[in-house]
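Work through the exercises below with the sequence and the 3D view open. Try each task before reading its solution.

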Amino acid sequence: GVYDVRLITTNSIGCSDTVINEELVLLAGPTGDFSLFSDTTGCPPYNVTYEANAQGANAYTWDFGDGTLGVGDSIVHTYIEVGQYIPALILEDGNGCVFTYQGSDTVVVEELAVSAGLDEFICENDSVFLFASGGDAYNWFPFEGLSDPSISSPVASPITSTAYIVNVSLGQCQNWDTVNIVVNPTPVADFSVSQPCFGDSSYFT
């Protein structure tokens, strides 16, 4: 902005004089902010588009908060590591005046939280439901012994103890988890009996 400067002088007996220089100080420089396009929360690698809304700037430097910088009035940045990041935009004009705008939103990059459920113990020839959660698309491995490997809760009928791995997806995010189904062998029932004489006791073993 433009500012007037006023000087008031007073001597020892109280006489004073005032001088005003109008529009003496001109404070100039870039101003602005920015917008980001994407949710502020995503999984790695997470792409965020930044666009500057600036006046009086001819140089744009981005501090993405993860130790990297970028230039340009519009830019796409990929966050690789899990963490929380506060981006900032540094504007500069032709006179070397600098203005820094720090974003009001924190970009949160985190792994998709998924679960394959709790380990289960079953007997031979039994079945059990698997329960995965955390996404909207599921793929189980290995396929053997599953009623449908592409749903969240298939029926598992493994012949032997099996570690089932599920890949869970939600949009562009995905993650893995494992559940163990332990198959216990069915006990074999058998017995023998002594052949006593009439009136004697029978013994079963």
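The exercises that follow concern a predicted model.

**Exercise 1. Overall form**

Task: Find how many helices and strands the chain has, and decide whether the chain is more spread out than a compact globule.

Solution.
Step 1. Count the elements: there are zero helices and 18 strands in the chain.
Step 2. Take the radius of gyration, which is 37 Å.
Step 3. Set this value against the globule rule, which gives 17 Å for 205 residues. The value for the chain is well over that, so the chain is more spread out than a compact globule.
Step 4. Look at the box filled by the C-alpha atoms: along the principal axes it is roughly 145 × 45 × 20 Å.
Step 5. Add burial to the picture: of the 205 residues in the chain, 25% are buried.
Step 6. Turn to contacts with a separation of 6 or more: residues 24 or more positions apart account for 47% of them.

**Exercise 2. A pair far apart**

Task: State how far apart F191 and G56 are in sequence and in space.

Solution.
Step 1. Locate F191, which lies in the segment after β18.
Step 2. Check its accessibility: the relative accessible area of F191 is 59%, and exposed means over 50%, so F191 is exposed.
Step 3. Compare positions: F191 and G56 are separated by 135 residues in sequence. From C-alpha to C-alpha, F191 and G56 are 96 Å apart in space.

**Exercise 3. A three-stranded sheet**

Task: Give the strand order of the open sheet of three strands, and name its edge strands.

Solution.
Step 1. Recall the general rule: strands of a sheet pair through backbone hydrogen bonds, either parallel or antiparallel.
Step 2. Read the order, which is β3-β5-β8, with antiparallel pairing.
Step 3. Find the edges: β3 (31-37) and β8 (74-79) each pair on one side only.
Step 4. Note the twist, which averages 25 degrees from one strand to the next.
Step 5. Examine one pairing in detail. Strand β5 (residues 46-55) runs antiparallel to β8, and six bridges join the two. For Y50, the bridge partner in β8 is I75.

**Exercise 4. The disulfide**

Task: Identify which cysteines form the disulfide, and explain why it is left-handed.

Solution.
Step 1. Start from the general meaning: a disulfide is a covalent bond between the sulfur atoms of two cysteines.
Step 2. Find the pair: the structure holds one disulfide, and C43 and C173 form it, with sulfur atoms 1.9 Å apart.
Step 3. Use the torsion about the S-S bond of C43 and C173: the angle is about -105 degrees, so the disulfide is left-handed.
Step 4. Place both ends. C43 sits in the loop between β4 (41-42) and β5, and C173 in strand β18 (residues 173-184). The two are 130 residues apart, and the pair links distant parts of the chain.
Step 5. Classify both ends, with buried meaning under 20% relative accessible area. C43 has 6%, so C43 is buried. C173 has 16%, so C173 is buried.
Step 6. Classify two further cysteines: C97 is partly exposed at 29%, and C123 is partly exposed at 40%.

**Exercise 5. The surroundings of N167**

Task: Decide whether N167 is buried or exposed, and find which side chain makes a polar contact with its side chain.

Solution.
Step 1. Locate N167 in strand β17 (residues 162-170).
Step 2. Apply the accessibility: N167 has 8%, so N167 counts as buried.
Step 3. Find the polar contact: the side chain of N167 meets the side chain of Q174 at 3.2 Å.
Step 4. List neighbours, leaving out residues up to four places away in sequence: N167 touches A137, Y138, N139, F141, Q174, N175 and W176.

**Exercise 6. Backbone details**

Task: Locate P45, P142, S38 and N125, and describe the backbone feature at each.

Solution.
Step 1. P45 lies in the loop between β4 and β5. The peptide bond from P44 to P45 is cis, with omega near -10 degrees.
Step 2. P142 lies in the loop between β15 (137-141) and β16 (155-156). A cis peptide bond joins P142 to F141, with omega about -5 degrees.
Step 3. S38 is in the loop between β3 and β4. Although S38 is not a glycine, its phi is positive, about 145 degrees. S38 is partly exposed at 37%.
Step 4. N125 is in the loop between β13 (120-123) and β14 (128-129). N125 is not a glycine either, yet has a positive phi of about 70 degrees. At 77% relative accessibility, N125 is exposed.

Note on methods. Residues are numbered from 1 along each chain as its sequence is written. This is a predicted model: local features need pLDDT of at least 70, side-chain atom pairs count only at pLDDT 80 or more; totals for chains, interfaces and linings use all residues. Side-chain values use heavy atoms; hydrogens and water are left out. Two strands pair if DSSP finds at least two bridges between them. Helices (H or I, at least four residues) and strands (E, at least two) are DSSP runs, numbered from the N terminus. Axes are lines fitted to C-alpha atoms, for helices over the stretch in contact, and angles run from 0 to 180 degrees between N-to-C directions. A disulfide is a pair of cysteine sulfur atoms within 2.5 Å. Buried means under 20% relative accessible area, exposed over 50%, partly exposed in between (1.4 Å probe, protein chains only). A polar contact is a pair of N or O atoms within 3.5 Å; within protein, one must be able to donate a hydrogen and the other to accept it, and residues adjacent in sequence count only if both atoms are side-chain atoms. Contact means heavy atoms within 4.5 Å. The radius of gyration is taken over C-alpha atoms; the globule rule is 2.2 Å times the number of residues to the power 0.38.
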